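Hi,

Here is the structure I said I would pass on. Have a look at it first, and then read my notes underneath.

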Amino acid sequence: MRLKLVPQNTSFDFFSRWKLWLGISAFMMLLAAGSFLYQGLNFGIDFRGGTTIRTESAQPVDVGVYRGALDALELGDITITEIFDPTFGPDQNVAMLRIQAQEGEEAATATMVAQVESALQGAVPDIEFVSVESVGPKVSGELIQTAVIAVVLAIGAVLVYIWLRFEWQFALGAVAALVHDVILTIGVFSELQIRFDLAIIAALLTIVGYSLNDTVVVFDRVRENLRKYKKTPLKDVLNVSINETLSRTVMTSVTTLLALISLYVLGGDVIRGFVFAMIWGVIVGTYSSVFVASAILLYLGVKRDWTKPSNTAGNQYANIDA
Amino acid sequence: MLQIDTWKRVLIWLVVVAGLLLALPNAFYTRVEQSNDARAAIELGNDTPQMRAEAGQWPSWLPSGLVNLGLDLRGGAHLLAEVKVEDVYEVRMDAMWPEIRDALRDQRATVGTIRRQDSAPGEIRVRISQPEGMSRALQVVRELATPIQTLAGPTGTDIEVSAQGNDIVVTLSEAEKLASDDRTVRQALEIIRRRIDEVGTREPTIQRQGPQRILIQVPGIGSASELKEIIGTTAQLTFNPVVSRTTDADARVGPGEKLVPSIDEAGTFYIIEAAPVVTGEELVDAQPAFDQNGRPAVNFRFNTTGARKFGDYTLDNIGAPFAIVLDDEVISAPVIQSHIPGGSGIITGNFSVEESTNLAVLLRAGALPAGLEFLEERTIGPELGQDSIDAGKVATMVAFAAVLVFMALSYGLFGLFANVALIINIGLIFGLLSLIGATLTLPGIAGIVLTVGMAVDANVLIFERIREELKTAKGPARAIELGYEKALSAILDANITTFITAVILFAMGSGPVRGFAITLGLGILTSVFTAIFVTRLLVVIWFERRRPKMIEV
């Protein structure tokens, strides 16, 4: 009567075609990088400056009417998108306007917003501005820089931590998995042209954290089994370890996905992109901890003699008692 | 065997109870908020029965700390301003000019006649007629420099003096610029704070960010432009002698004079002396008022030195016009009718009542030392915030219920233990957030939901391990103990790495991202605590009571 997503004892062979899996992962990364280079990301104003205005009105949104009202203002590039969400009420019609950064202005002036407001009120009398955000080009440049530094720092810190707690091969495997996850996530965002803003960076870092969580649990078991089965080939040790932790991997992914999916459906459109990034990250992160991190470990080989020094290093927390 | 010392049990329960008590006020958010506001009002002397009744809505012996709601949840305005620190260099150099002039005049025999030249803002350029006397002139001007004292000892002088052909060029030294920038930003911060406090909104955030920037977040305010009107004006008030009045926007002005436009009469300009007689810094009070014709105006009063300067000047210059200048625009230029000894006066102009009230607030709070440039502006409407809170609540509830059901189905009784721990976990997160006065943002809610999903991870690791240990048939007690022991290193490694990323996010991020990092980081701490202490305690208590021969996990 227990719900079991994974049978009690599994013995899947994860590494019979490990070179193929690594190849597929590498190919996907190339594809993602290609999409990024070819299409580029749909940066939000956080990263490229400009103004976004969220409007609400009882009347259905007619993008053409909005655009017509704004054309006369000559504000340059304007994107207008209607937003649909199950959490909206019956006469809640929401649109998002994005206006490019104006020449010679750091942040949008109140006059520009007022102009836009009166122009739109001419076309849609009951329109209301629910939020107005504008970021100057000076800050947006810095925000990109900080974001990139944050991601690189996080990956670097993790590399060092795993290197200290395990061996350098483990650290490389884990970091390869992280880079894989980050690149694939960026690739999805560029392919689907989902708006990429500051919150997505937070999501990226969480993906780094989550994917790592998974990888570390597998590696921890690998380390333990390497001590237990001194003569077994590395490939079999990896297989046993992944099978042993498979039930946990699936359980945790499912609970996390349950939480994230409810947030995706019910949490409103403001954070939908953010939650999408995380859902994608959990799936990719789970895949990469097996098919990238462990496969790299298999490729690099690993020191088999886990005698004294590393023995204590691995168990230094084991004496903590509740 | 399975044993936990009594003192450890007590400690664990104490932590749990304390955390839940701290979280409790958030369950009655509006009530506690009103009560807190009323208490603050009573403390300020506004002691009315109605206030007392509002304060009594929440018992004073219970914790009353609340999680602050971020702008994206409450609505309000956010501004990131850069202080134009260079403005101050110009004022500083202009103030030095009389000193330099007097010092060089004393040396007329060696340097000849002197003449100030047009120059870039922030530097003084003086031409001397006898180039042979240059070394002497440089020496004299350098003597005017004062050494800069820092904690590390003297680091040089405040000005740099050099010769360029027949010109002496004086600028602020790099060290002095750094010191001046820091002072300027700190002053600006203080004045912005005073202005916002004058307007009296709840819990504004006013923070310095980096060397030249100030972040201002005011919940509950209608829009960023409203906020900008309060803090964006420099409000530099000066009283300057008028040289002449003109309609020519390109009129030539002599050194030490300025051409400034009139606020009310378009196309009218005044040439005024750049050095003011009195400035707004010497004001002690300013109040909105009405002039004798019933039009809005602002009454002001000078301090003693200001009053003396003002009195002396009006005594000596009866019949001459006198310009009241606000941020390089002339509000009015009345002719001095008589000696004004009392040090108080009235500013009249074409004000609306609102403008005169605002001007009085600005004058009272003091002038900004330099102009502000706004790099980022965000306005979030309160309805959007409320929508986000509602959506966040529903999503969290559903996520929570789904995880609880799933855990119970997968692990039976042990799953229920994990669920109790999960509920405690959420309580602890809110308790900690209230304790440190953290701000909950929309991504922060996402962080909590993510924690709900991930918090069970530690328990899952343990339960799976216990399952494995049960297979080797060492008896249930031993299996449970081994399960906890062996899962520990994986739990710690996994959570420490996630925690590292949360810390980096916190350090590098700003605003909403930081809110996410806080809830994620706290969520990791509380979930590790609940998994390795609380669930374990629950399992042990159950085991002691039942002593089962067989367990199923």
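Below is what I found, starting with chain B as a whole and ending with how it meets chain A.

One thing before anything else: this is a predicted model, so please read everything here in that light.

Let's begin with the overall form of chain B. It holds 15 helices and 21 strands. Along its principal axes, the C-alpha trace spans about 110 × 60 × 40 Å. The radius of gyration of chain B is 34 Å, whereas a compact globule of 553 residues would come out near 24 Å. As for burial, 43% of the 553 residues count as buried. If you take the contacts in chain B with a separation of 6 or more, 69% of them are between residues 24 or more positions apart.

Chain B is divided into three pieces: domain 1 (6–75 + 381–546), domain 2 (86–179) and domain 3 (236–351). Note that domain 1 is written as two stretches of the chain. The centres of domain 1 and domain 3 of chain B, taken over C-alpha atoms, are 61 Å apart.

Now for a strand worth finding on your screen: strand 13 of chain B, residues 269–273. Four of its five residues are buried, so this strand is largely enclosed by the rest of the structure. Which strands pair with strand 13 of chain B in the antiparallel sense? One is strand 11 (residues 237–246) of chain B, over four bridges; here B:Ser244 stands opposite B:Ile271. Another is strand 12 (residues 257–261) of chain B, over five bridges, and in that pairing B:Lys258 stands opposite B:Ile272.

Last, the place where the two chains meet. Here 69 residues of chain B are in contact with 66 residues of chain A. On the chain B side, at least two residues each come from helix 9 (224–231), strand 20 (372–380), helix 12 (382–435), helix 13 (442–471), helix 14 (476–508) and helix 15 (511–546). By class, that side has 42 nonpolar, 13 polar and 14 charged residues.

Strand 20 of chain B also takes part in a pairing across the chains: strand 5 (residues 128–135) of chain A runs antiparallel to it, over five bridges. To locate the spot, look for A:Val132, which stands opposite B:Thr379 in strand 20 of chain B.

That's the tour. Shout if anything is unclear.

Cheers

How values were computed:
Residues are numbered from 1 along each chain as its sequence is written. Chains are lettered from A and ligands numbered from 1 in the order in which they are written. This is a predicted model: local features need pLDDT of at least 70, side-chain atom pairs count only at pLDDT 80 or more; totals for chains, interfaces and linings use all residues. Two residues are in contact if their C-beta atoms, placed from the backbone, lie within 7 Å. Ala, Val, Leu, Ile, Met, Phe, Trp, Tyr, Cys and Pro count as nonpolar, Asp, Glu, Lys and Arg as charged, and the others, Gly among them, as polar. Two strands pair if DSSP finds at least two bridges between them. A residue is buried if 20 or more other C-beta atoms lie within 10 Å of its own, exposed if 12 or fewer, and partly exposed in between; C-beta atoms are placed from the backbone. The radius of gyration is taken over C-alpha atoms; the globule rule is 2.2 Å times the number of residues to the power 0.38. Domain bounds come from an automatic or database domain assignment.
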